[in-house]
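The following exercises concern a single protein chain. Each consists of a task and a solution that proceeds step by step.

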Amino acid sequence: MKLLLVYPPFCPPTVPPHSITYLASFISANSNTEVKCLDLNAKFHRLRFPDIYRRLEKARESINPYSEMLEKYSSSAKKVHRKNNLRLSEGEEPELFQELLEMILREKTDAVGVSMVYNSQVFYGLRLIEELNKAGIRCVAGGPAAVGFVEEKVEVLKDGAELLKYLAGKEKCTDIYAPDYSHYPASDYLSKEMIYPLRSSYGCSHRGCAFCTHHGSVPYRKINVEEIESAIVKNGMRNLFFIDDNIPAERLSELAEMLRPLKVKWWCQTRPTEDLLGMFPKLKESGLTAVSFGVESGNQRILDSMRKGTDAETVGMVLEESHAAGIRNIVFMMFGFPGEDEDSFMETMEFLRKNRKNIDIVSASVFGLQKGSYVHDHPDEFGVFGIREYTTPLGESIGYRVRAGLGEKQAKVMKEGFSRELREMNQLPKIFCLLKEQSLFF
Ligand code: SF4
C-alpha cells in the first residue's frame, strides 16, 4: 500500500510543512504503508517565481536585501494567490495545475491525503482531488481548513488515528513523535537556511483566553523532551520553531536544558507571564533567538475580560528583560475586544509607546468573533448581541454588535488611524511579522 501526503498551494514557501511530515511518521510507525510527502506549495512557488528564488542567493547575507526579497515575494504572491483562487472558484484551471498533478501521478500511489491547514489551500486542494478521483486514486483530506463545504466533496479525517483506520483498518496505535524532514529539498524553500517546524505539546496549558479557539477541545499534553531531541538530531536541524500556540515558562525551561548543547537557534510563542522573569538569560543561552508574546492589550480591564491571565505591568517587565537578554520579540496586540472603549484603546497605545524600546515588531489585529470561543458561546457576559454568520469566498465569517464601547467597524477605523505610528514602532522589517520564523536569522 502506497500513500502520498500532499501539501497544496497557497501559503508562504519558507518552511516545510509540519502537518504531513508528522502524519507520515505516525502512519509509517503504525503500519506497513509506504508513505511519501510532497510539498506542492513549495514546488508551485519555485516554478512560479524563479526570479525571486534566484534573488535569494544574492540577498541571503544581510537583512536589508533579504527582507526586500521577502517583501517582493509577499506582494507578488498575494496577487497570484488571489488570481488563482478566483479562477478556481469559477471552475477554471489554476496556474501550473498539470505540472503539479503530474508530480502526484508520477508517484503511482494508491491513496492521496491532502492537508488543508489554511483556507487559501482549499480550492487548489479540492481541484487536485477532483482530478485524482477521475484517475481512480482515492483521496482523503484533513486539517483545520478542511471543514464546511470541503466535507461535502471529500472524506475528511480528523487525525492520524482516523487515517490509520482508513488505510489499514487498525484501531490501536502507538503515539510517537518522530517527524522526518528528508522528504523536502532545501532548494524548494525561500529561506536563507532550512527552518524546521516542531511541536512540543498538544493543546494549550492556559486554555483560558475568551477570544481563542486554537486549543480546540484538545487536552494539554506534552511531547517527551527525548523525542523532540531525537527529531532535532536525526534531521540535523540548526534552526527550528515551535508551532505550539503557547509554551508556558516551566516547559520553556525544560526545553532550554535539552536545546542548549545542541547549538540550535529557536523561536516560540508564549504568554508574557510573571514566571518568565529571570529566565531569559538561560533561554538565550539555549539558542532562543526570537519570541512572540501574546500581549493583546495594555489595559488591565480588557486583559481581565479576555481572561488572558496576565498583568500589564508585568508584561512591560517581561518585554524589558527579554530584550535586555538579546532575544528579539514580536508582540501580538488585539484591539476592539468587546468592552474596548476609546480610553482602553488609548491606554494600549500608551503602553506600546512606553515599552517601544523593548519591542521589535508590533503585530496588531482587530478582534474577530470565532465560533466556539468563550465570547461566542457566552455573548451576554461581554455585551455582545446580534451575532450573524455569513459566507465569504474563503469560508464563513461572523458579525456581531456590542451594547457599549467600540463596535467592530469603529475599532477597525480607530486602529487604521494609528497604523502609521504602529508601523513606525517596528525595529525589524515588517515582513518578519508575516514570516515570523525568518527573524531567526537577523
Ligand atoms: S490565545 Fe494562546 S494562550 Fe490563550 S488560550 Fe489561545 S492558545 Fe492558549
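The structure is a predicted model. Its accessible surface amounts to about 20,000 Å², and carbon and sulfur atoms account for 49% of that area.

**Exercise 1. Determine whether the radius of gyration agrees with that of a compact globule.**

Step 1. The protein has 442 residues, and for a chain of this length a compact globule would have a radius of gyration near 22 Å.

Step 2. The protein itself has 22 Å, so the value agrees with the globule rule.

Step 3. The box filled by the C-alpha atoms, taken along the principal axes, is roughly 60 × 55 × 50 Å.

Step 4. Of the 442 residues, 55% are buried. Among contacts between residues at least 6 apart in sequence, 74% join residues at least 24 apart.

**Exercise 2. Describe the strand pairings of β4 and the connection that leads to it from β3.**

Step 1. The protein contains 18 helices and 15 strands. Strand β4 spans residues 138-142, and four of its five residues are buried, which leaves the strand mostly covered.

Step 2. Strand β3, residues 111-115, runs parallel to β4 and is joined to it by five bridges. Within this pairing, A111 stands opposite R138 of β4.

Step 3. Between β3 and β4 the chain passes through helix α6, residues 122-134; the resulting β-α-β crossover is right-handed.

Step 4. Strand β4 also pairs with strand β5, residues 155-156, through two bridges in the parallel sense. Here A141 has V156 in β5 as its bridge partner.

**Exercise 3. Establish how many disulfides the structure holds, and examine C37 and C173.**

Step 1. A disulfide requires two cysteine sulfur atoms within 2.5 Å. A search of the whole structure under this criterion returns zero.

Step 2. For C37, the nearest cysteine sulfur is that of C11, at 14 Å. Because the cut-off is 2.5 Å, C37 is in no disulfide.

Step 3. The relative accessibility of C37 is 5%, and the limit for a buried residue is under 20%. C37 therefore counts as buried.

Step 4. For C173, the nearest cysteine sulfur belongs to C37 and lies 18 Å away, and C173 is likewise in no disulfide.

Step 5. C173 has a relative accessible area of 37%, and is therefore classed as partly exposed.

Note on methods. Residues numbered from 1 in each chain as written. Predicted model: local features only at pLDDT ≥ 70, side-chain atom pairs only at ≥ 80, totals over all residues. Heavy atoms only, no water. Buried < 20%, exposed > 50% of the residue type's maximum accessible area, 1.4 Å probe, protein only. Pairing = 2+ DSSP bridges. Right-handed = clockwise from strand over helix to strand, strands pointing away. Rg over C-alpha atoms; globule rule 2.2 N^0.38 Å. Contact = heavy atoms within 4.5 Å. Areas by Shrake-Rupley, 256 points an atom, 1.4 Å probe, with all protein chains shown as cover.
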